[in-house]
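Reader: I would like a close look at the charged pairs of this protein, with enough of the surroundings to place them. Please take the pairs one at a time and then set them against the rest of the fold.

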Amino acid sequence: MRIARTGQRRMGVYLPTVQHAFGWSETATGGLPMAMLLGFSLGNLVVGPLMGRLEIRTLVAMGAVLCAVGWALAARLTSLPMLMVAMAMTGLGGGLATIVPGIAAITSSFVARRGLAIGVFIGSTALAGTAVPALSGWLIAEFGWRAAFGISGAAIAAICIPFVALIQVGRGGPTGVDADAMAATGPGPQAVAKLPSYWRLTIALTISQICMYAILFNIVAMLLRAGYLQGNAVAIYGLSNLMALPGLLIGGVLADRLGARRVLPACLLLQAIGTFCLLGVGPDAGTAGNVAVAAFVLLWGLAGGLPNQVGPMVLAELIGTRAFATMLGVTLTISGLLGALAPAAAGWLYDASGGYALPVGSSGVLAVVAALLTIGLRRRD
């Protein structure tokens, strides 16, 4: 269930090389992650209803196959539209196989330590997100980006698909008396759609996703333009991914003890502060620039997975579990669709302003707005 996030982080390493190979602008290159995120959003939208009809292991297998085929096709394509189709296929597979079915199953299975369980689940992507970008960078340097695409597809087919057999969660999530009782709590989807608190949370998570993707898919290119070597830029990128793991574990413990609704605003504020640190990075920044990079890795890295971890916990507190999988899918679809525009939008702001200060500053301000929106959310108001 790690396919989607790992694929998105891997794409940030490929973008500068693919852009150079075809001579595309920042805006045009942003179309590739945009297509991946759009596919991911579609997968999130349809997986909730499908969970009532198919076993989770079937959905994960379908998603893994789509991801493998998408990466393999990308190795042979030569045009931007066709590459976007391949990336959309990988995103669709990730949506079917990862976040919604995984978090829905954990939410139904855990109560007392739900935050920690979700943290471990999402934290697994942090480990992959640390190793895969560096491995992808090495593959690109040694064999070229096309071969790296092909190897990625083969690896998914060889590793992820066989592991599907180990998944023991059945159709619709965990079974048993406790799970059935939990599934009956809270309002239905139509009633949830009328709750102001649900839409405030969705808007906040959407803004956070936009800000996260604007940085995630541009950080390597940003560091390269600031004078960092390719290997160092990828290493910084990977280290920021690694910092998400302790962040998720700490965030899970705090959310379990203090309550997710108290922790979420702090997570979003931490994301904002980490983003603002990038304003100190530049070709002439010197030591101050290195300090800014270190602060970014620490703060933005720690906050990297927290909205995706704590946000669903807040949603469960607000609406219960009856409509949780469906409405989580809706929330992730909205945030994914709008978040998919972030890489291209950041590229456009770069092209328009001639630098990264405008997209970085805008992302930081919007993250602060997201934090403010999550203050004072009330249960089923």
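Author: What follows takes the salt bridges, then the helices and cores around them, and lastly the cysteines and the surface.

The model is a predicted one, and in it the count of salt bridges comes to two. As a general point, side chains of opposite charge can pair when their charged atoms come close. In one of the pairs, the side chains of R261 and E317 meet with a nitrogen-to-oxygen distance of 2.8 Å. This pair links distant parts of the chain, since R261 lies in helix α15 (residues 260-277) and E317 in helix α17, 56 residues apart. Neither partner is buried, because R261 has a relative accessible area of 31%, which makes it partly exposed, and E317, at 22%, also counts as partly exposed.

The other salt bridge joins the side chains of R57 and E55, with 3.7 Å from N to O. Here R57 is partly exposed at a relative accessible area of 28%, and E55 is partly exposed as well, at 33%.

Helix α17, which carries E317, spans residues 306-319 and also holds N308. With a relative accessibility of 19%, N308 counts as buried, because the limit for that class is under 20%. The C-alpha atom of N308 is separated by 9.9 Å from that of L264, although the two residues are 44 positions apart along the chain.

These helices belong to a protein that has 20 helices and zero strands. Of its 381 residues, 56% count as buried, and among contacts with a separation of 6 or more, those between residues 24 or more positions apart account for 85%.

The interior includes a largest nonpolar core of 59 residues, in which M87 and F149 have the most contacts. Helix α16 (residues 286-303) gives this core its largest share, namely six residues. Apart from it lies another core, of 53 residues, which includes L59, V60, A97 and I319.

A further buried position is S363, which is found in helix α20 (residues 357-373) and has a relative accessible area of 5%. Leaving aside residues up to four places away in sequence, S363 touches C211, A214, I215 and T275. Of these neighbours, C211 is itself buried, at 1% relative accessibility.

The cysteines raise a separate point, for the structure holds zero disulfides. In the case of C160, the closest cysteine sulfur is that of C67, at 7.9 Å, which is too far for a bond because a disulfide needs the two sulfur atoms within 2.5 Å. C160 is partly exposed, with a relative accessible area of 28%.

On the outside, the protein exposes about 14900 Å², of which carbon and sulfur atoms supply 69%. One nonpolar patch on this surface is formed by L38, L337, L338 and L341, which together have about 320 Å² of accessible area. Within the patch, L338 is found in helix α18 (residues 324-339) and is partly exposed, with a relative accessible area of 42%.

To return to the request, the two salt bridges are the R57 pair with E55 and the R261 pair with E317, the latter linking helix α15 to helix α17.

Note on methods:
Residues numbered from 1 in each chain as written. Predicted model: local features only at pLDDT ≥ 70, side-chain atom pairs only at ≥ 80, totals over all residues. Heavy atoms only, no water. Core = buried A, V, L, I, M, F, W, Y, C linked by side-chain atoms within 4.5 Å. Buried < 20%, exposed > 50% of the residue type's maximum accessible area, 1.4 Å probe, protein only. Helix = DSSP H or I, 4+ residues; strand = E, 2+ residues; numbered from the N terminus. Contact = heavy atoms within 4.5 Å. Patch = residues over 30% accessible without salt bridge, like charges linked within 9 Å, V, L, I, M, F, W, Y side chains within 5 Å. Areas by Shrake-Rupley, 256 points an atom, 1.4 Å probe, with all protein chains shown as cover. Salt bridge = Lys/Arg side-chain N within 4 Å of Asp/Glu carboxyl O.
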